[in-house]
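Let's go through a few labels on this model and ask what earns each one.

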Amino acid sequence: MAKKAKKKKKQTVLSRGFGSQSLTTELAHVEALLRREQWLEAHSLLIRLKASHPNNLDILAYLLEVHYELGHLLQYQATCEDFLAIKPNDARVNFLLGYAYVLNYYPLLGIKQYRYAIERWPDHPGSVEGKEHLAMIEPNLSEVLDSMGLKNPDDWEVGLLYEQARAYTETGQAAKAITSATSLIEKRTDFLAGYNILALAYLANDQYKDAIATLQSQLKQHPDSILLRANLIRFLSLRGNFTEAETHKSQLLANSSTDLDDLTRKAEALAYLDDMAAIVDLLATVPPDLEKDNRPLVSGLFHHLAAVALVCQGDVKAARKQWNLALELYPDLAVAKENLDDLDMTSTFKEGPWPFELNSWVENGAYQDLRQVAIAMTPERTPQPALIAAVETLLTDYPFISELVPVWLKRGSPRARMLAMIIAKSCPNEAHVAAVNEFVAGTDGSESQRYHMASYFAQRHQLTVPKIWLYGEWHRNPLLATYEIVPDPVVLQSPEAEQLLHKALKKIALESAKAAETAEVYLKQALEIEPNNPVLLNNLALAYSHQERLIESRQVTQQIVDEYPEDIDSRVAIAQIYLEETNLDAAEAVLNEVLRCSCLTEDALVSLLLTRSRLLMLQGKEDMARLWFQEVLPMVKEHPLLRQLGFGARK
């Protein structure tokens with residue numbers, strides 16, 4: 001480097017009448033996005049419009065289409081309800097709401113809604129599909145009620161209230177869910193599932209103490225309830241209170257029920273407690289399903305958690321089988337798909353396994369604030385003020401998140417681990433730094449993540465671990481990316497030499513033999529003024545190289561190395577010559593010395609970045625090259641050479 005002196009089937013859309021001129025323009029934009037099937041962009045715009053126009057039917061109509069196309073079925077259902085709250089006599093949306101209930105498995109609500117719509121609008125086209133769905137659901141009505149623990153014919157209303165409370169909870173309408181669950185309990189004080197859904201509604205409404213108290217009071221009366229105890233373990237874990245949660249494990253495991261729902265609840269609770277051995281033991285108790293070729297099948301979530309546990313115990317082959325079973329039972333189980341994909345990654349970038357996605361660790365309020373943290377992220381290696389402010393707000397509003405940072409580093413999803421890393425970097429208090437050191441010292445997460453956190457905290461003198469697991473082995477004192485970029489030193493004293501160098505650099509940048517000849521003339525004139533100046537000699541060697549006078553280039557470079565052993569540019573340059581000669585061992589030896597330098601100019605670091613990346617690629621260490629490149633690049637992404645090569649920040 002020249003050295004300076006310094007397509008799906010669409011739903012029919014409801015008729016729309018545009019409102020104000022500004023809204024008309026925005027909705028026209030939405031219409032254009034829908035024609036191009038840019039569903040995510042349309043969704044973002046519509047959510048913003050809904051915030052300022054919550055009762056606009058045009059916006060809600062568009063949202064119905066977008067939610068359906070994106071597969072946001074719960075939001076689709078909630079939007080139907082919002083629409084009907086404004087326009088209850090819209091026949092089409094009444095039928096769509098019945099369909100939404102069926103899709104989201106609220107069969108009683110689906111039956112009630114379809115019966116109402118068919119009776120009210122018997123000749124509407126939607127009644128045909130409605131009758132077909134009723135014909136499938138109604139014969140199983142007693143079975144549906146039985147699955148809720150409801151045995152009497154008059155339990156229909158109880159079942160409806162239960163589904164309504166569950167639906168409100170799952171669509172983010174926690175206050176309504178609490179009202180429905182309270183009415184349910186008043187109607188049936190002995191209905192255990194009612195207390196459970198009330199606890200879930202309290203949790204969704206950020207009434208954590210009420211949620212815990214509800215479960216604890218009912219467990220005193222029903223100590224053998226797997227439903228209540230598993231949820232209590234989960235609730236305690238969500239606040240990082242794993243010690244108290246652990247006290248309930250023995251009673252949970254003492255219940256030998258092989259009911260499929262109970263098995264799933266047990267596995268979920270054990271996953272929160274990180275007891276993977278117990279999950280593997282639980283898998284061995286699953287009875288064969290006579291209707292499924294005598295295979296031991298439970299649920300998609302159960303088999304996903306079993307797969308996570310098996311990977312943790314080193315049985316990858318069995319884990320893969322369990323993930324395939326999970327997807328057979330629940331093809332849309334994203335966490336199983338993502339874990340399977342991760343399983344095939346190299347160790348450098350493999351993050352798994354992880355049992356839960358981020359939204360299984362936090363309720364809606366904290367989840368939205370975590371999204372704000374993610375939005376505030378920038379490519380910079382060091383957190384910027386907006387990100388730090390977002391993290392501070394998050395931890396002020398939800399102090400329990402700090403308790404989850406070490407958990408997410410160890411066994412969080414990629415998104416949860418990324419946020420834990422950001423929180424630790426933005427708020428490097430004692431607890432977070434300790435969590436990072438524990439993470440770096442282990443083998444959880446990807447080598448890429450551990451290397452990054454080790455480099456970042458080592459540069460700030462907060463890394464205390466003696467060794468790091470990288471590339472399949474333990475490394476003591478590994479070569480971390482802990483560089484500080486320093487200004488270019490003043491290396492030329494003469495203004496005349498400075499001017500000649502500047503003219504030479506312009507010619508060298510053209511990378512042609514003819515221009516390099518002219519640069520050589522300028523540089524030799526400058527060397528007459530300041531003999532043996534390393535900057536001038538480095539650029540002279542580069543000019544020789546552009547003229548393919550490689551022997552002379554090597555001689556000049558070696559001269560600089562011999563006379564100025566601390567000169568970074570010449571050492572990187574000699575390493576580049578070794579690479580041209582395919583002497584990889586010699587190049588590596590030189591670069592390893594340079595890698596331990598803590599202070600480099602931006603030019604020197606860019607040269608080191610590119611040269612070592614090339615060395616690693618030639619050595620067949622592609623993952624190591626990617627890791628090194630992605631770690632150093634953010635430090636120098638504004639450099640013009642990297643922008644020219646397509647790697648740096650573009651302006």
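A quick definition to start: buried means under 20% relative accessible area, exposed over 50%, and partly exposed in between (1.4 Å probe, protein chains only). This is a predicted model, where local features need pLDDT of at least 70 and side-chain atom pairs count only at pLDDT 80 or more, while totals for chains, interfaces and linings use all residues. Residues are numbered from 1 along each chain as its sequence is written, and side-chain values use heavy atoms, with hydrogens and water left out.

Q: Why is Glu170 called partly exposed?
A: Its relative accessibility is 39%, and partly exposed covers what lies between under 20% and over 50%, so the label fits.

Q: Why does Arg166 count as buried?
A: Arg166 comes in at 19% relative accessibility. The cut-off for buried is under 20%, so Arg166 makes it.

Q: What makes Arg166 and Glu170 a salt bridge?
A: A salt bridge is a side-chain nitrogen of Lys or Arg within 4 Å of a carboxyl oxygen of Asp or Glu. Here the N to O distance is 3.7 Å, so the pair qualifies. Both residues lie in helix α9, 4 residues apart, about one turn of the helix. (Helices are DSSP runs of H or I, at least four residues, numbered from the N terminus.) In general, an α-helix has 3.6 residues a turn, so residues three or four places apart point the same way.

Q: How do you know that Arg48 forms a salt bridge with Glu26?
A: The closest N and O atoms are 3.3 Å apart, so the pair passes the salt-bridge rule. The pair links distant parts of the chain, with Arg48 in helix α2 (residues 39-52) and Glu26 in helix α1 (residues 21-35), 22 residues apart. Arg48 is partly exposed at 47%, and Glu26 is partly exposed at 23%.

Q: What makes Arg188 and Asp155 a salt bridge?
A: Their closest N and O atoms are 2.5 Å apart, so the rule is met. This pair also links distant parts of the chain: Arg188 sits in the loop between α10 (174-187) and α11 (192-204), and Asp155 in the loop between α8 and α9 (156-170), 33 residues apart. Arg188 and Asp155 are both buried.

Q: How many salt bridges does the rule give?
A: The count comes to 25. Glu520, Lys524, Arg549 and Glu552 are linked in a network of them.

Q: Why is Lys266 said to have no salt bridge?
A: The nearest side chain of opposite charge, Asp262, is 7.3 Å away, so the salt-bridge rule is not met. (Lys and Arg count as positive and Asp and Glu as negative; His and the chain ends are not counted.) Lys266 is buried all the same, and touches residues including Ile226, Leu252 and Leu282, not counting residues up to four places away in sequence. Contact here means heavy atoms within 4.5 Å.

Q: How do you know that the span of α16, the helix of Lys266, agrees with what is expected?
A: The expected span is 1.5 Å times one less than the number of residues. For the 13 residues of α16 that should be 18 Å, and the end C-alpha atoms are 19 Å apart, which agrees. Its buried residues, among them Leu263, Ala267 and Leu270, pack against helices including α13 (226-238) and α17 (276-283). Just after α16, Asp274 takes a positive phi of about 60°.

Definitions and conventions: Helices (H or I, at least four residues) and strands (E, at least two) are DSSP runs, numbered from the N terminus.
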